[in-house]
Amino acid sequence: MTDIATMPRPVSFGRRLKRFMADRPLIPLIILLIILVVILQILRPGIVNERWLANTAKFAIPLAILAGCQTMTMLTGGIDLSVGTVATMSAFIMATQIVNQDPTVAFLLAMLPAVLIGLVNGIGVGVFRVHPLIMTLGTSLIGTGFLQVYQRTVIASGAKIPDFLNWLGTGVTYGFPNALLLFVPVAVLIVFMLNRTGFGRLLYAVGDNERAARLSGVRYWQVITALYILSSLLAGITGLLYIGLIKAPSLSLAEPLVLPSVAAAVIGGTSIFGGRGGYMGTIIGALILTVLTTLLTILQMPEGGRRILFGFIVLFVTAAYLRIVEDR
Amino acid sequence: MSRFFRNQGWVAGLFALLIFLFVITKLIQPGYGSGDFGSLARAVLPYAFAVAAQTVVVIAGGIDLSVAAMMALTSVTAASMMNGASEEYALFVVPFVLAMGLVLGALNGILIVVTRVPDIVVTLAMLFVLQGAALLVLGAPGGAAAEWLKASVIGTVPIPGLPDWADAWVPKALVLLVVCLCIVWIPLRRSRLGLSIYAIGSNELAAFRSGVPVARTRIIAYALSGLFAALGGLSLTISTGIGAPIPGPYLLASVAAVVLGGVALGGGKGGLLGPIIAVFVLRLVRTDLTLLAIDPNVTAIIEGAIMVAVVMFGAFITMRSRPAGATP
């Protein structure tokens with residue numbers, strides 16, 4: 001008996017590779033990122049320099065924060081499709097209110113819709129048990145409606161981008177984008193929260209087995225409501241950062257980031273069914289997508305082609321992860 | 001038996017609500033007549049097909065998030081094919097676009113069956129893909145529709161033996177809708193296939209053990225959904241005369257109408273009549289808001305809020321009824 005138990009059974013290479021991928025999802029992701037950068041360098045020799053790095057980081061950071069919203073909600077088996085609208089709302093409100101208001105007041109006004117939408121999302125998902133996808137889609141429609149009404153009231157006063165957001169979004173100090181000043185604390189906070197705090201463990205617990213979590217005394221609706229408010233707040237802050245980067249307030253400012261943010265979290269190894277994943281993978285996923293976008297731009301692939309590719313990536317990666325989990 | 005009465009009762013109640021709304025409309029706008037009813041029928045057309053597409057899949061126990069994107073793709077395909085082409089060419093375009101919807105819908109089903117990824121993720125990925133494809137077909141709203149197609153939804157159908165005033169209340173758009181839906185739905189409902197669709201939605205395992213070909217039935221359900229979505233896309237092109245690559249708010253509207261129409265989101269229950277009446281109810285509410293001279297953007301907010309409230313209510317009912325259904 002002991003002989004059989006201790007004898008190493010032959011494991012096929014494919015199986016070992018799968019297990020390795022499942023245990024350390026970050027390594028294949030980093031390899032993929034490096035491959036993409038090498039391809040870029042081959043296609044356009046000399047493109048990879050200090051300026052390119054700073055630029056890539058600048059565009060990857062808003063995507064990575066929004067993907068953080070997706071990561072956290074996906075851990076509970078949800079998704080937050082209202083992040084684009086929330087980011088756009090807070091950016092637009094900030095840009096228009098700063099004209100007549102004190103910066104602090106403008107900031108608080110900009111964060112108000114984020115909190116409200118997060119609260120409604122949380123109540124809808126946590127209390128009424130609406131599917132998160134439908135719920136967040138609905139609130140984003142309502143939010144867009146409000147934004148259009150709001151736009152008409154401020155059309156006379158005009159808009160401007162606060163200098164501080166300009167500095168934060170586009171500025172570079174000693175080769176490092178200033179946006180890192182915002183991103184590094186946010187990333188550390190999310191990683192710390194997910195891995196080291198009770199709230200983070202609750203998210204994993206709810207996503208892994210909701211019934212078990214409930215039976216162990218987790219207040220499901222409280223966790224979910226807090227989660228969606230947090231997600232919305234992060235999206236609002238991303239909007240402020242993004243307006244400093246794009247510098248043109250519009251009613252569809254952050255919408256193009258929604259699909260990639262879902263894709264980034266999925267690529268980063270977070271399961272869309274909940275319970276598995278982490279933020280480090282998501283950050284690398286966001287970097288991969290940003291480099292991929294640069295690559296596709298160089299190859300002159302149109303926006304439509306990009307969306308098709310992102311769709312297939314989400315489907316393929318989800319199917320692949322499903323296989324890996326089933327095998328274990 | 002009591003369930004039968006309960007379901008029919010729901011539809012009857014909904015119909016009463018519709019009549020009630022018509023009375024309200026007449027009170028708000030005493031001049032509301034057959035012409036306005038005709039434009040209501042035209043406005044309902046794409047929504048009704050979107051709802052039919054969603055209903056088939058929801059009855060089969062799934063959900064199709066790609067409905068709106070599928071409509072956008074079929075709409076732009078039809079519009080760009082008919083652009084500058086002869087009137088007769090449209091005779092080829094219509095079956096081509098319908099076949100395209102059928103095939104793409106079947107692709108949805110095949111991907112779900114083969115990859116074993118849940119419906120919601122597959123159709124979300126397909127939403128990205130179809131949106132991208134729509135952008136590739138037509139980068140900006142444009143294209144054209146054949147004159148005879150445009151004429152097919154405007155005006156009324158002369159019925160021999162009916163006086164003119166009654167004739168005026170039979171708009172072509174309504175007749176087109178009823179004919180299209182009946183041609184597909186009534187034979188389906190009476191066939192073995194229709195029964196299988198209800199069976200896999202009600203209890204997949206029981207259906208499998210009773211010899212229902214689950215995989216094939218699911219693929220056919222999605223193919224039918226694609227066909228209805230293609231009809232929706234065509235009707236969009238016909239009624240606007242152009243194709244727009246950005247999907248309208250049809251996804252949320254379709255889910256809301258399905259819920260309001262008495263089709264359980266878990267599957268296996270309900271029919272097509274309820275959701276179609278629900279669409280009329282939702283559109284008529286919009287008409288009333290417009291007649292009350294409410295800002296169209298505010299109308300969008302109210303409409304979105306109603307839809308979200310309906311979905312929340314539906315989820316709440318499903319949640320309440322589940323424990324009761326488990327212990328009969």
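**Buried charges and a shared boundary**

In this predicted model, B:Arg283 counts as buried because its relative accessibility is 9%, and the cut-off for that word is under 20%. The side chain of B:Arg283 forms a salt bridge with B:Glu303, in which the closest N and O atoms lie 2.2 Å apart. This pair links distant parts of the chain, since B:Arg283 sits in helix H13 (residues 273-291) of chain B and B:Glu303 in helix H14 (residues 296-326) of chain B, 20 residues apart. B:Glu303 is itself buried, with a relative accessible area of 12%.

B:Glu303 also meets the side chain of B:Arg286 in a salt bridge, at 2.4 Å from N to O. Here again helix H13 of chain B is linked with helix H14 of chain B, the two residues being 17 apart in sequence. B:Arg286 has a relative accessible area of 27%, and therefore counts as partly exposed.

Elsewhere in chain B, B:Glu204 in helix H10 (residues 204-209) pairs with B:Arg218 in helix H11 (residues 214-240), and the closest N and O atoms of this salt bridge are 3.2 Å apart. Which of these two partners is buried, and which is partly exposed? B:Arg218 is buried at 12% relative accessibility, whereas B:Glu204, at 39%, is partly exposed. Over all chains the count comes to eight salt bridges.

A buried charged residue may also lack such a partner, as A:Lys58 in helix H4 (residues 50-75) of chain A shows: A:Lys58 is buried yet has no salt bridge, and the nearest side chain of opposite charge, that of A:Glu50, is 11 Å away. Leaving aside residues up to four places away in sequence, A:Lys58 touches A:Gly169, A:Thr170, A:Val172, A:Pro177 and A:Leu245.

We can now turn to the boundary between the chains, where 39 residues of chain A are in contact with 36 residues of chain B. The area buried between chain A and chain B is about 3,300 Å², and carbon and sulfur atoms give 83% of this. Across this interface there is one salt bridge, which B:Asp295 forms with A:Arg152, the closest N and O atoms being 2.7 Å apart. On the side of chain A that touches chain B, the elements that give two or more residues are helix H7 (132-153) and helix H15 (303-327) of chain A, and H15(A) gives the most, with 15 residues. By class, this side of chain A has 23 nonpolar, 10 polar and six charged residues.

Notes
Residues numbered from 1 in each chain as written. Chains lettered and ligands numbered in written order. Predicted model: local features only at pLDDT ≥ 70, side-chain atom pairs only at ≥ 80, totals over all residues. Heavy atoms only, no water. Contact = heavy atoms within 4.5 Å. Buried area = accessible area lost by both parts, 1.4 Å probe. Salt bridge = Lys/Arg side-chain N within 4 Å of Asp/Glu carboxyl O. Helix = DSSP H or I, 4+ residues; strand = E, 2+ residues; numbered from the N terminus. Nonpolar A, V, L, I, M, F, W, Y, C, P; charged D, E, K, R; others polar. Buried < 20%, exposed > 50% of the residue type's maximum accessible area, 1.4 Å probe, protein only. Lys, Arg positive; Asp, Glu negative; His and termini not counted.
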